[in-house]
Structure formats: structure tokens, C-alpha cells
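User: I would like to understand how labels are assigned in a structure like this one. Could you go through the reasoning with me step by step?

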Amino acid sequence: MAQTQQQSGTLFNSLTAGSKIIGTIIADSDIRIDGKLEGDLQCKGKVVIGEHGSIKGTVVCQNAEIMGILDGKATIEQSFALRATGSMIGELKTRSLLIEPNAQFNGTCSMKQDTNSQK
């Protein structure tokens with residue numbers, strides 16, 4: 001189930017655990033994925049994939065924090081953080097990269113000052 005929630009005055013969307021979407025999600029604000037997405041995600045804010053969440057497809061956003069699984073292509077305009085429980089498989093384009101110990105990254109990473117020129 002997709003929900004819009006407000007926490008500390010900030011509006012964000014979420015795909016709850018046990019939910020699965022096959023298709024495209026376009027979000028104007030931050031989004032948290034605790035379920036499964038097979039498809040594309042375009043977000044004007046931050047994407048958070050929770051420990052039990054997964055995305056198989058293409059992600060385009062401003063910032064990303066991955067605690068679950070991201071399998072595909074990701075273009076992150078600002079910062080990408082792969083937490084200890086996270087896994088990234090595929091192609092990553094970002095400006096700033098953080099990978100915690102025990103995180104799994106299998107793929108390629110391109111870090112440029114201007115990610116817009118690589119789209």
C-alpha cells in the first residue's frame with residue numbers, strides 16, 4: 001500500500017512492507033520503500049530503501065539511502081549512502097558516495113561533478 005505521511009512537518013511517501021508495485025513511481029517528495037518495486041522510480045527528493053525493501057529497475061533522485069536492495073541503474077544527483085545492511089547491484093552515477101562496512105556493492109560507479117550530463 002502506498003501512503004503519504006507527515007512527520008516533523010515533512011511530507012513523504014511510502015511503500016509499506018508486504019506491498020509490491022510493478023510499474024513506475026513518480027514522487028514529488030521523499031519516498032521510503034519497505035515493500036518491493038519492479039520498475040522505475042523518479043523522485044524529486046530522497047529515496048530510502050528500508051532493510052526489507054527492494055527496487056529492481058531504474059532510480060533517479062536527489063539523494064538515496066539504501067538499507068535494502070537496489071538492483072539496476074541509479075542516477076543520484078547529490079549523495080548516495082549504502083548502509084551496512086544494503087546491497088547495490090548495477091550501475092551507479094552520483095556526486096557523493098558513502099559505503100558502510102559490510103554493505104555489498106557489485107557494479108560500476110561513475111562520480112562526476114555534473115550528473116546531468118550523463119543522463
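**Reasoning about salt bridges and exposure**

Analyst: In this predicted model, arginine 83 is partly exposed, its relative accessible area being 23%.

User: Why is arginine 83 called partly exposed?

Analyst: Its relative accessible area is 23%, and since buried means under 20% and exposed means over 50%, the value falls in between, and therefore the label is partly exposed.

User: What makes the contact between glutamate 65 and arginine 83 a salt bridge?

Analyst: The N to O distance between the two side chains is 3.1 Å, and the rule asks for a side-chain nitrogen of Lys or Arg within 4 Å of a carboxyl oxygen of Asp or Glu, so the pair qualifies. Glutamate 65 lies in strand β8, whereas arginine 83 sits in the loop between β9 and β10, so the pair ties together parts that are 18 residues apart in sequence.

User: Why is glutamate 65 called buried?

Analyst: Glutamate 65 has a relative accessible area of 16%, and because buried means under 20%, the label fits.

User: What makes glutamate 38 and lysine 20 a salt bridge?

Analyst: Their closest N and O atoms are 3.2 Å apart, which is within the 4 Å that the rule allows, so the pair counts as a salt bridge. This pair links distant parts of the chain, with glutamate 38 in strand β5 and lysine 20 in strand β3.

User: How many salt bridges does this rule give?

Analyst: The count comes to seven salt bridges.

Definitions and conventions: Residues are numbered from 1 along each chain as its sequence is written. This is a predicted model: local features need pLDDT of at least 70, side-chain atom pairs count only at pLDDT 80 or more; totals for chains, interfaces and linings use all residues. Side-chain values use heavy atoms; hydrogens and water are left out. Helices (H or I, at least four residues) and strands (E, at least two) are DSSP runs, numbered from the N terminus. Buried means under 20% relative accessible area, exposed over 50%, partly exposed in between (1.4 Å probe, protein chains only).
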